[in-house]
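Visitor: I'm new to reading protein models, and I'd love a close look at a single strand and the parts around it. Please take me through it slowly, with each term explained as we go.

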Amino acid sequence: MKYIKTSFRGFLWLLVSAIAAAFWGCGSPSGKPGAGGIAISFDDHFIKEWYELRPLFQKYNAKATFFITCPDSLNAEEAAMLKQLEKEGHEIGFHGTVHAKSTELMAAGGPKGYIEAELEPGLRHMHAAGFKPTSYAHPGGNHNDRVDSVLLAKGFTTLRDVAISRRKFKGFQLYAWPPRWMNAIYYAFDGRQKVDALMIDYDEVTSEEIEEAVREAKENGTALMVFGHEPLYAAPSNGKYGFDVSFLAAILREAHEQQLKFYTMSELPNIK
Ligand SMILES: [Zn+2]
């Protein structure tokens, strides 16, 4: 029984590899020699928690992009923290006003309805607080070409989607895809504006996998793109979602050791 199970798994693995090779091509994308880097981003509204990571960022001279949602609830203290992060080289991006499914807003109200519900109110608050976001992270990774074209027309230079290495269903893992094979999470400095970042929240990626992914970016001269949510100091409880701070520290340490450059999301398409 065990043998059958193993060989079936092996067969599935072969099948998946064959499909991946056919669709994604073999080997990682190649970027620019010497430009190898990492672009880290954080989503939602954990401003105070992110701000507390500053000593860690400073230790490795790292910069990141913070994608803010619900900016109508940005209080003066939060705005000041984001200003300080910006001053220290980090980027403040936008992550929607109501964090809704953009494809549904678009289907219901067309571009006008989508813009009025999800983009304009939040952007007004961001502007009033002194921020001019030029990168956008799709809430829930939900978007389509119509949504993208509205965002590009609004002037966003980078649109960031979500890439997941592990897919679970009712607690069972359906597959685990090694990040070093996920071509989409490496930026090849080709001017691409629509990008994917690998989620690094709890249970998404192992330390070995992320170290391999960092080295992959270094070897190929690409930029590895990763993102997470709330910084956590213990396993998540009560429906919390976020990443282990020590896991982030390990990524920063490895990136620093490999002498990777830290990029913010809006910088990527502008590097020639
Ligand atoms: Zn989000």
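Guide: A residue is called buried if 20 or more other C-beta atoms lie within 10 Å of its own, exposed if 12 or fewer do, and partly exposed in between, with C-beta atoms placed from the backbone. Helices (H or I, at least four residues) and strands (E, at least two) are DSSP runs, numbered from the N terminus. What you see is a predicted model, where local features need pLDDT of at least 70 and side-chain atom pairs count only at pLDDT 80 or more, while totals for chains, interfaces and linings use all residues. Residue numbers start from 1 along each chain as its sequence is written.

Let's pick strand β2, which covers residues 64-68. Five of its five residues are buried, so to speak a mostly covered strand. In a regular strand the side chains alternate between the two faces of the sheet. On one side of β2 you find Ala 64, Phe 66 and Ile 68, and on the other Thr 65 and Phe 67; both faces are covered, since all of these residues are buried.

Now for the strands beside β2. Two strands count as paired if DSSP finds at least two bridges between them. β2 is joined to strand β3 (residues 91-94) by four bridges, and these two run parallel. Look for Phe 66, which stands opposite Ile 92 in β3. β2 also pairs with strand β1, again in the parallel sense, over five bridges. Here Ile 68 of β2 is the bridge partner of Asp 44.

Asp 44 deserves a pause. It lies in strand β1, and its phi is near 100°, a positive value in a residue other than glycine. Asp 44 counts as buried because it has 21 C-beta neighbours inside 10 Å. You can set it beside Gln 259, which is not a glycine either and has a positive phi of about 55°. Gln 259 sits in the loop between α8 and β13, and it counts as exposed, with 10 C-beta neighbours inside 10 Å.

Let's step across to the rest of β1. This strand spans residues 37-44 and is mostly covered, with eight of its eight residues buried. Besides β2, strand β1 has strand β10 (residues 223-228) as a parallel partner, joined through six bridges. One pair to find is Ser 41 of β1, which stands opposite Phe 227 in β10. β1 also pairs with strand β13 (residues 261-262), in the parallel sense and over two bridges. There, Ile 38 stands opposite Phe 262 in β13.

Next, the helices. Helix α7 takes in residues 207-220 and helix α8 residues 245-257. Two packed helices are described by the angle between their axes and the distance between the axes. The axes are lines fitted to C-alpha atoms, for helices over the stretch in contact, and angles run from 0 to 180 degrees between N-to-C directions. For α7 and α8 the angle is about 30° and the axes are 10 Å apart. That makes α7 roughly parallel to α8, given that angles under 35 degrees count as roughly parallel, over 145 as roughly antiparallel, 65 to 115 as roughly perpendicular and the rest as oblique. Their crossing is right-handed, meaning that the near helix is turned clockwise from the far one by less than a right angle; anticlockwise would be left-handed.

Which residues of α7 and α8 meet? Ser 207, Ile 210, Glu 211 and Val 214 in α7 meet Ala 250, Ile 251, Glu 254 and Ala 255 in α8, a contact being two C-beta atoms, placed from the backbone, within 7 Å. The residues of this contact divide into five nonpolar, one polar and two charged. (Ala, Val, Leu, Ile, Met, Phe, Trp, Tyr, Cys and Pro count as nonpolar, Asp, Glu, Lys and Arg as charged, and the others, Gly among them, as polar.)

While you are at α7, look at Asn 220, which belongs to this helix. Asn 220 is buried, with 20 other C-beta atoms within 10 Å. Asn 220 and Ser 30 are 190 residues apart in sequence and 5.1 Å apart in space, C-alpha to C-alpha.

Finally, zoom out. The protein chain has eight helices and 13 strands, and of its 272 residues, 38% count as buried. Among contacts between residues at least 6 apart in sequence, 76% join residues at least 24 apart.
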